[in-house]
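Reader: Please take one strand at the contact of the two chains and go through it closely. I would like its partners, its faces and its surroundings in one connected account.

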Amino acid sequence: MTTIASLKKGQRAIIGEMNSEEIPLKLLEMGCLPGNEVELIQVAPFKDPLYLNINDTFLSIRKDTARLINVELIEDE
Amino acid sequence: MSKQINVALVGNPNTGKTSVFNNLTGLNQKVGNYPGITVEKKEAVIKLSRNLKAHILDLPGTYSLNATSLDENVVIELLLNKNDKDYPDVVVVVSDIENLKRNLLLFTQIKDLGLPTILAINMADRMDRKGIQLDIDLLEKRLNTKVNLISARKNEGFDALKQSISAYQNISLEPCLDASSIDKTYFESLQKAYPDQDLYKLWLVITQDVNFGKTNRNRISSESGFKPKSDSEIKQLQQKETIKRYQFINNTLKETLTKDLALATGLRAKIDRLLIHKVWGYVIFLSILFLIFQTIYDWSTYPMDLIDETFLVLSEFVKDNFPAGMLSDLISEGVIPGIGGIVIFVPQIAFLFLFISILEETGYMSRVVFLMDRVMRKFGMSGKSVVPLVSGTACAIPAVMAARNIESWKERLVTILVVPFTTCSARLPVYLIIISLVIPNERWLGLFNYQGITLMLLYLLGFGTAVASGWLASKMLKIDFKSYFVVEMPDYKLPIFKNVVYTVVEKTKSFVFGAGKIILAISIILWVLASYGPTDKFDNADDIVKSSTDLSRVTDEELETEISSFKLKHSYIGYAGKAIEPIVTPLGYDWKIGIAIISSFAAREVFVGTLATIYSVGNEDEQTIKSRMSAETNPILGGPLFTFASGISLLLFYAFAMQCMSTLAIVKKETGTWKWPLVQLFGMSGFAYVVALIAFQALK
């Protein structure tokens, strides 16, 4: 299963169903919602946290949280 | 008679809400705390028109009404409580033009509470540059409210905003989202159980309890005919609500907002590439820190010397011009130096917060948090703990205050608890004099000076202990507090000078009037203990010393210092020093060092001055004290008192012990209870005692 945590730098994806209760509501409020686009901008040194662009909002989350969010990769043409 | 209305300012973090507040209110703001918690409360009364005044309350920044932190909880508690004296007549939601979509979520939630809600879109001056166009008329229609474009940076649009506030009664109370559409059957039964209540408010009360772990939900669920849902079902409904709101917002913005993507600049990416680089990111961060602390040390020296001087002159003035007696002594030797002891911290606090607020305003702080989070998490802290820990090397007081930025209470508490271990500038004079006494001034490998190495090791020791005890504290503290690491990475901006100034003034004021009271009280107590004695030996010190000294062979000055030394020995504090002698002897100290340790409580650097008084050195010239100290003999073991063993023991004691009343006072203020400062006092000092004991016994 592809999640935000498995994205590579610069990769973009579409957020899929979000079922886990552990996903902080705050993340949804900031625009992390099914159907929206997410791009991995940068990974911090030591591989955590992740720097994302979700729906034009720039934010960083820890890898634990990123693992809970399923995505579908957007293939580059 | 003019009428006064309540206005609440609400908005996401990083929307410039504080600047909007500053522009609306000017300097007549009042800063306090919400009762019982240490969340800042900022308010001001302004005049809107000839007979209308507005009480403006700046609520903490929040992304929604689903609170996860104390700050956010304040917002929802107020908006749900009609009886609160601050309950708003009108709410202004401050949003920024670039993140309008996300900001509107909070707007729709507040509007659905049935409050007149104005939308103020800040940073409108950036619209052209970012290629953004907005159809205000249509947006007002869709949102059913008044929309104002403003720019806090350029101070534009505020008159129009004030007019909208004055005309709040014309604003429609129609909700954006029909609450029952989230889950029809559930909301219908909820409404049936509470027919007189506003449906959306009821829902917020329920979700609030799930989010924030309060108990009043039992009251709601116990009503007949209403089947409550489980926490997990409620969380799913909350997700559903958020998605529904975003659908509404997306549709609204599709009609009203156009963005020319070609104009979105790549500035962020360019700066980020450098600032969060896996090597350069850290190099730059360390350089910035280094610069800041150099500057704090350098710049603070001048005002601190000036403050010192001023209070000395003031004391002298009182002594010379007031009728001699207890009152004059109390004022000139107790109260004035006590106040001086508070004011002396002001330069360091002001400079530190000057830099911190600049780093925050520019957006750099989020990058530091991003860089450091993984490392700090290992030690029970968050990326946001870096600033307090590093600030601690100047002074623990502003550092403890800087921990306010950490949302998670547990991570914040751990940070506050361990910060005093970092080597603050007050330890430096103590370290310097003891190192020069017991560490040889020689070079190792002909290169590195042993004394310099020792000083560096002491700094590393302080930082290492802070981090290690953070790990320990996070294991021991059983605090289950929900807070998530979701950090916004704002755009880089030039700092707004006005905001920086307000932050500095605010933090300084909160130190002087918050912790200041306690510091003043304790310094007066310490002064009384040092200036009075239980026996008549203290009162007759003049005669006793004069009769036992050959008056022809000493100068007046020498006699004077001899008398004050005798007085100190026979004061309450002197007897206290003797009383604790059995406790400090195993560490290699005598009763004189005991006194110095007790009086260090006023401030660690007092150690040197106290020893100077006891040894009747007269002035605090380092060379004289040093030669006097090296001549002291150990009353029990014989030989010199300051040996390698007792010196190391003393250095370790000062490195670990909590002996700064100002820090205790600020920790009490920030945590709201005496529990944590007492934990620090006994925990740190106990640890210091044990380490110093082991060191002395092993080395002697």
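Author: Three bridges join strand E4 (residues 57-61) of chain A to strand E12 (residues 486-488) of chain B, and the two run antiparallel. Strands here are DSSP runs (E, at least two residues), numbered from the N terminus, and two of them pair if DSSP finds at least two bridges between them. In E12(B), B:Val487 is the bridge partner of A:Ser60.

The model is predicted: local features need pLDDT of at least 70, side-chain atom pairs count only at pLDDT 80 or more, and totals for chains, interfaces and linings use all residues. Residues are numbered from 1 along each chain as its sequence is written, chains are lettered from A and ligands numbered from 1 in the order in which they are written, and side-chain values use heavy atoms, with hydrogens and water left out.

Within chain A, E4(A) pairs with strand E3 (residues 50-54) in the antiparallel sense, over five bridges. A:Asn53 stands opposite A:Phe58 of E4(A). E3(A) and E4(A) form a hairpin with two residues between them. In the turn, A:Asn55 has a positive phi of about 55°.

Next, the faces. In a regular strand the side chains alternate between the two faces of the sheet. In E4(A), A:Thr57, A:Leu59 and A:Ile61 lie on one side, A:Phe58 and A:Ser60 on the other, and all are buried. Buried means under 20% relative accessible area, with exposed over 50% and partly exposed in between (1.4 Å probe, protein chains only). Five of the five residues of E4(A) are thus counted as buried.

The pairing with E12(B) belongs to a contact that takes 33 residues from chain A and 37 residues from chain B; contact means heavy atoms within 4.5 Å. The two chains bury about 3200 Å² between them, 60% of it on carbon and sulfur atoms. This area is the accessible area (1.4 Å probe) that two parts lose on being put together, summed over both. On the chain A side, A:Lys26, A:Glu29 and A:Arg62 lose the most area to chain B, together 22% of what that side buries.

A:Arg62 also makes a salt bridge with B:Asp373 through their side chains (2.8 Å, N to O). A salt bridge is a side-chain nitrogen of Lys or Arg within 4 Å of a carboxyl oxygen of Asp or Glu. Between chain A and chain B the count is three.

Notes: Helices (H or I, at least four residues) and strands (E, at least two) are DSSP runs, numbered from the N terminus.
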